[in-house]
Amino acid sequence: SVDDDEKSLSSLEIIVPRDLADGFVNNKRESYVFKFQKIFDQEAKQDVVFDNIAKPVAECVLAGYNGTIFAYGQTGSGKTFTITGGAERYGDRGIIPRTLSYIFDQLQKDSSKVYTTHVSYLEIYNECGYDLLDPRHEASRLEDLPKVTVMEDPDQNIHLKNLSLQQATNEEEALNLLFLGDTNRMIAETPMNQASTRSHCIFTIHISSKEPGSATIRRSKLHLVDLAGSERVAKTGVGGHLLTEAKYINLSLHYLEQVIIALAEKKRSHIPYRNSMMTSVLRDSLGGNCVTTMIATLSIDKRNIDESISTCRFAQRVALIKNEAVLNEEIDPRLMIVQLKKEIQELKDELALVTGKQRTSELSQEELLELDELIETFLEDNDPDSTLDVGADMRKIKYCFIHVKQLMNHSKISDKKMLSQHISEEKDNTKEAGEEELKKLKELLQQRDNEINILVNMLKKEKKKAQDALFQLNAASAGSTVLEQSLSINLEESWSPSSCFSLKDAKDFSSSVHRLPFLSRQTGGKMSLGCQEAFEVFKQDHADSITIEDSKQLLKQRFTEAKCLGEKLNQVRNKINHLKGEITQRHIQRAALAVSSPSEELNTLDPVEEKLRMQIEEEKKSYKTMFNRLKGLKVEIEHLQLLMEKVKMKLQKDFEVWWSEEARNLQKEKPEMVSSPNTATVYPQFIKSSQHLSTNSFSETTRVSSNEDPAGKNSSITSIGSTSILSYSRAPPTSSTSIPLTGDSQADADILAFIKARQNILQKKGKSCQ
């Protein structure tokens, strides 16, 4: 029974007669009376409910206060119908769409302020938050939506991470967002209700308003909460997955009840907001800065009498809580800066009117000179009662203090001492810097001299090598058989046709040496120009140069293949995204068709969607194959790059060792080196490979006893390691020659033995070498 006689509150009485079968002693309560601000029966229309419940809260939100409306009750009692509404008739619209219409209608009428409206839709399912308005994609399953987490700042303000805030400029955009969120909600069929919402949903409207020219901004938010059904698990008759849902629902509602009980008790210092996600999100709404209204929905049926009593008891506890709502205003810093600048200018103008002078930020030149004279007079005056009067101008007072401080710090005596000390220190520093600079220049000059000598010797050696090879080739082709017969007696067993030095190779190498000054030079390296040129020549003969070139070609091929694979991967990814977009459009079309024609089955299998999903799976397989190949290419490219770096470092180290040996040998030049007008002095360490004659495999290698007399004056011999090349001198037998030695005892012994053997042959034959 409902009693509306009292003017202030309506009361609800529930009578439960005792069951005689329970026994003779039965103290069970029969009558329950609950008081509410307003009670609606089953025939109440949605517009009446909105005018009595939601409209006052919406007006407070427009004024700048926070507001919350949440529905609580058992499954099937009408919570979702009250909050969201029915889809069959326009008159069945619930509190959320009617509130949106009312708010945007009021915003259009009020032209005195600038309003900005945003909307968010949060679903809490099994203690996990999900964003129902995710702008990136429309999910087919709840798990596909982005998860929302609760974060708290040092001021104990709650922030929801990953919850999107969508701007709604008019009623149509806001209703579209509401429809999108309702489509993504988790709905399941239970014995109590065929389309029961199995989660808590919080639809929030954020409004910010500002008057033109004002520095204050008002921010307010309205939470519209649809709680999940509260009923005993045993009564629902569910199991498995639905049983787990029911446990989570009842647990979160239990924590909500704990918070309500703690807030109703005035002596409680701790409120357990953090026990569940819903109580954390609704912290401000339940016991803080908010205008909160609760709707308790009852199912008037004899079977549900216990659930109805439990719902009414919970509503009575909520009614005991008193919130203190305050206006949410804050100052816009940009407008405040503009106002302060304006105020400063007005004060400057007012000061100019009082003093009769226009105040500027800096003193004029005349005022500065006048202040300098006043300060000098004040300092020279011996009268202890004298004062320095500059008026009530802070700029002049500050300038006087700064000037006096400078005079104290830079007196004449200290200036002279500091000046003389500074001059002497400057002279010493200049002298030391000059000596260091001279030393550095000397070292640099010595280094350049060494480099020039090494390069010149290299050039002479290469040129001499090419000339000798060319001369001997010509001599061999001209038919100098006399020399071959005379030498074959002692040298026949010593021929070693290991390799050949052809005429073409000699010309190529000679031309490459002549092009030394035009070789490419590294501008950013640490090597000098001469050292770089020597490095280029050294690199041509090094065995690792071929490895470097091969690695470069292979690396280039791998880079090209990786680039092609990357382009194909992008094409496959774009195609997958396009197919997903087509599935999304298909979902929206089917959802709209289901709303317009409820008789159509929404859950029937869509063959077009199945075909699109099969295409997506095929594209994913090809994408995975190409991605694995690209990953393998990346590993191979990194390996090739590492290999090239190692080879380059080895090549550079070999060159540095060789270069340091050449510089050391140049400085410790042997005294037995005697130069001749007919032959050039050559350093044998420059040549790393044996020299041979190519025509008819004509090469000469001799190994004779080292006990012979070292004197030989009829020919000139160039020694290269343990290999000797015979060169002919056109000078008379008595002409002076040079015999450069290598420093190796075995090689020097071979050279001297060869000279002795050659002299014996020439003496026997009685001929001179041409």
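1. Trp658 is buried, and Trp659 is buried as well. This is a predicted model, and every point in this note should be read with that in mind. The ring centres of these two tryptophans lie 6.5 Å apart with their planes at 55°, so the pair is tilted. The cut-offs behind that word are under 30 degrees for stacked and over 60 for edge-to-face, with the rest counted as tilted. Trp658 and Trp659 also belong to a cluster, in which ring pairs link them with Phe655.

2. How many aromatic pairs does the structure hold? There are seven. One of them joins Phe50 and Tyr102, with 6.2 Å from centre to centre and 70° between the planes, and it is edge-to-face. Phe50 sits in helix α1 (residues 46–63) and Tyr102 in helix α3 (residues 95–109), so this pair ties together parts that are 52 residues apart in sequence. Both Phe50 and Tyr102 are buried.

3. On to the salt bridges. A search of the whole structure finds 17 of them. One is formed by Arg558 and Glu636, whose closest N and O atoms are 2.7 Å apart. Arg558 belongs to helix α17 (residues 544–596) and Glu636 to helix α18 (residues 607–667), and the pair links distant parts of the chain, 78 residues apart. Are the two partners buried or exposed? Arg558 has a relative accessible area of 18% and is buried, while Glu636, with 26%, is partly exposed. The dividing value here is 20%, because buried means under 20% relative accessible area.

4. Helices α17 and α18 are also linked by Lys575 and Glu619, which lie in α17 and α18 respectively and are 44 residues apart. Their side chains meet in a salt bridge of 3.1 Å, N to O. Glu619 is buried, at a relative accessible area of 15%. Lys575 counts as partly exposed, with 41% relative accessibility.

5. A salt bridge can also lie within one helix, and Lys464 and Asp468 show this: they are four residues apart in helix α13, which means that about one helical turn separates them. The closest N and O atoms of this salt bridge are 3.5 Å apart. Lys464 counts as buried, with 18% relative accessibility. Asp468 counts as buried too, with 13%.

6. Salt bridges can also be joined to one another. Which residues are linked in a network of salt bridges? They are Glu152, Arg274 and Arg283.

7. The last point concerns charge on the surface. A patch of negative charge gathers Glu425, Asp428, Glu432, Glu435, Glu436 and Glu437. Glu425 lies in helix α13 (residues 412–477), the helix that also holds Lys464 and Asp468. Glu425 has a relative accessible area of 40% and is partly exposed. Residues of a patch have over 30% relative accessible area and no salt bridge, so Glu425, at 40%, is above that area cut-off.

How values were computed: Residues numbered from 1 in each chain as written. Predicted model: local features only at pLDDT ≥ 70, side-chain atom pairs only at ≥ 80, totals over all residues. Heavy atoms only, no water. Phe/Tyr/Trp six-rings, centres within 6.5 Å; stacked < 30°, edge-to-face > 60°. Helix = DSSP H or I, 4+ residues; strand = E, 2+ residues; numbered from the N terminus. Buried < 20%, exposed > 50% of the residue type's maximum accessible area, 1.4 Å probe, protein only. Patch = residues over 30% accessible without salt bridge, like charges linked within 9 Å, V, L, I, M, F, W, Y side chains within 5 Å. Areas by Shrake-Rupley, 256 points an atom, 1.4 Å probe, with all protein chains shown as cover. Salt bridge = Lys/Arg side-chain N within 4 Å of Asp/Glu carboxyl O. Lys, Arg positive; Asp, Glu negative; His and termini not counted. Charge placed at Lys NZ, Arg CZ, Asp CG, Glu CD.
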